[in-house]
Amino acid sequence: MKNCTELWNLDLSDNRLSGSIPAWIGNITSLLILHLRSNFFSSKIPTQLCHLLNLHVLDLADNNLSGQIPQCLGNLSGMISDVPSELVHQYQGRVTIVAKGRELEYSSTLSLVKIIDLSANNLTGKVPEEITSLLRLGTLNLSMNHLTGRIPPMIGSLRWLETLDLSKNQLSGTIPSSISMISSLNHFNLSYNNLAGRIPLGNQLQTLNDPSIYEGNPGLCGDPLKRKCPDDNISSETSEEDNDENEIFDTLWFYVGLASGFIVGFWAVCGSLLLNKSWRLKYFKFIEEKKEKACVSIAVTLAHWKGRMKSIRNRDTQATFSIT
């Protein structure tokens, strides 16, 4: 098969092939799809696969591969740019690929699929930082291995990621906040690792509110988990104290404003009367006139009601005599 220099799709999945992945595959530079899933391949991933610059589907899942993930996978430029238009006509037939947590069959849109799936192996070491340079990558599945270290801080650079599955490893540290920048993410799983700290919030992560995608990480806290972070209690206590202080200050300023308003209003009226004799005389004359008018009005009203009551009693008396 070394001589198949025009081969673009090599699919040997679901067989019982064993031994090492042949290094000579790296010489078939025309390869766009390498599908070796569900076999018994062992040993390390050959670095020669990094020579397949046009490769945009790399599926080595469900084997017995060991060793570290080659850093040179960041050289797979086929996962950085679109498939050249002159190669699109080669995509014929149907290919079944595991993406978004399930098996999907691609045909006409296969040229748009960009996947690295190394799940269910015995891989060790760190998640290579170089993978974060594959800007058009749509699926990154490294689950069910023995990976250690931290999640690359620049994982948020993979803006086109729809699937990110790093579950069932021994990853540690915090979840990078840059993950919240991946706006296309719809299948996400970090369960059963040794991650710790607060779960980032924002953007697409707000819609991924299933607690099971974080379970098995005793050190994680915050939404959507029920486990609160230590600083949540501090912030809530601080908030309560701030509210109490605000209430005290509000009450204090209310009474200060009330007192100052009374003082200003009182002296604005009474002070002017004390200092200006003519105003004082006019003010008291005005009050006297109002008082006299009020007294006269009350007296007239009382006299009117007395007259009406007297006439009513006289009518009642006359009516009684006439009946008798």
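Two strands count as paired once DSSP finds at least two bridges between them. With that cut-off in hand, here are the close-ups, all taken from a predicted model.

**View 1. Strand 2 meets strand 4 at one end of a five-strand sheet.** Three bridges link strand 2 and strand 4, and the two run parallel. Ser20 has Ser42 of strand 4 as its bridge partner. Zoom out a little and you get an open sheet of five strands, ordered 2-4-6-10-12 with parallel pairing. Strand 2 (18-20) and strand 12 sit at the edges with a single partner strand each, so one side of each has no neighbour in the sheet.

**View 2. Strand 6 picks up the sheet from strand 4 and passes it on to strand 10.** Strand 4 (residues 40-43) pairs with strand 6 in the parallel sense, over two bridges. Look for Ser43 here: its bridge partner in strand 6 is Leu65. Strand 6 (residues 64-68) also pairs with strand 10, again parallel, over three bridges. On that side, Gly67 is the residue standing opposite Leu123 of strand 10.

**View 3. Strand 10 shows two faces, and they are not alike in burial.** Side chains in a regular strand alternate between the two faces of the sheet. Which residues of strand 10 point to the buried face? Leu123 and Gly125 do, whereas Asn122 and Thr124 point to the other face and are not buried. The strand itself covers residues 122-125. Strand 10 goes on to pair with strand 12 (residues 146-147), parallel and over two bridges. Thr124 stands opposite His146 in strand 12.

**View 4. Strands 14, 16 and 17 make a three-strand open sheet.** The order is 14-16-17, and the pairing is parallel. Strand 14 (172-173) and strand 17 are the edge strands, each pairing on one side only. Between strand 14 and strand 16 there are two bridges, in the parallel sense. Ser172 is the residue to look for, standing opposite Asn194 in strand 16.

**View 5. Phe188 and Tyr214 form an edge-to-face aromatic pair.** A search of the whole structure turns up one aromatic pair, and this is the one: the Phe188 and Tyr214 rings are 6.1 Å centre to centre, with 75° between the planes. Planes over 60 degrees apart count as edge-to-face, which is how this pair gets its label. Phe188 belongs to strand 15 (residues 187-189), while Tyr214 is in the loop between strand 16 (194-198) and strand 17 (219-221), so the pair ties together parts 26 residues apart in sequence. Are the two partners buried or exposed? Phe188 is buried at a relative accessible area of 4%, and Tyr214 is buried too, at 2%.

**View 6. Arg136 parks its charge over Trp160.** The charged end of Arg136 sits over the Trp160 ring, 4.3 Å from the ring centre.

**View 7. Asn141 is a buried residue with contacts from elsewhere in the chain.** Asn141 is part of strand 11 (residues 139-141). Its relative accessibility is 11%, and since buried means under 20%, Asn141 makes the cut. Setting aside residues up to four places away in sequence, Asn141 touches Ile116, Asp117, Leu118, Ser119 and Asp165. Take Asp117: its C-alpha atom is 4.7 Å from that of Asn141, although the two are 24 residues apart along the chain.

**View 8. Stepping back, here is the whole chain.** It has two helices and 17 strands. Of its 324 residues, 36% count as buried. Among contacts between residues at least 6 apart in sequence, 50% join residues at least 24 apart. The chain exposes about 19200 Å², and carbon and sulfur atoms supply 57% of that area.

**View 9. Residues 235-239 are a stretch to read with the confidence values switched on.** The chain has a mean pLDDT of 82, with 74% of its residues at 70 or more. Over residues 235-239, though, the pLDDT is below 50. How many contacts does this stretch have in the model, beyond near neighbours in sequence? Zero.

How values were computed. Residues are numbered from 1 along each chain as its sequence is written. This is a predicted model: local features need pLDDT of at least 70, side-chain atom pairs count only at pLDDT 80 or more; totals for chains, interfaces and linings use all residues. Side-chain values use heavy atoms; hydrogens and water are left out. Rings of Phe, Tyr and Trp (its six-membered ring) pair if their centres lie within 6.5 Å; planes under 30 degrees apart count as stacked, over 60 as edge-to-face and the rest as tilted. Helices (H or I, at least four residues) and strands (E, at least two) are DSSP runs, numbered from the N terminus. Buried means under 20% relative accessible area, exposed over 50%, partly exposed in between (1.4 Å probe, protein chains only). A charge sits over a ring if NZ of Lys or CZ of Arg is within 6 Å of the ring centre and within 35 degrees of the ring normal. Contact means heavy atoms within 4.5 Å. Accessible areas come from the Shrake-Rupley method with a 1.4 Å probe; for residues, only the protein chains shown count as cover. pLDDT is the predictor's confidence in each residue, from 0 to 100.
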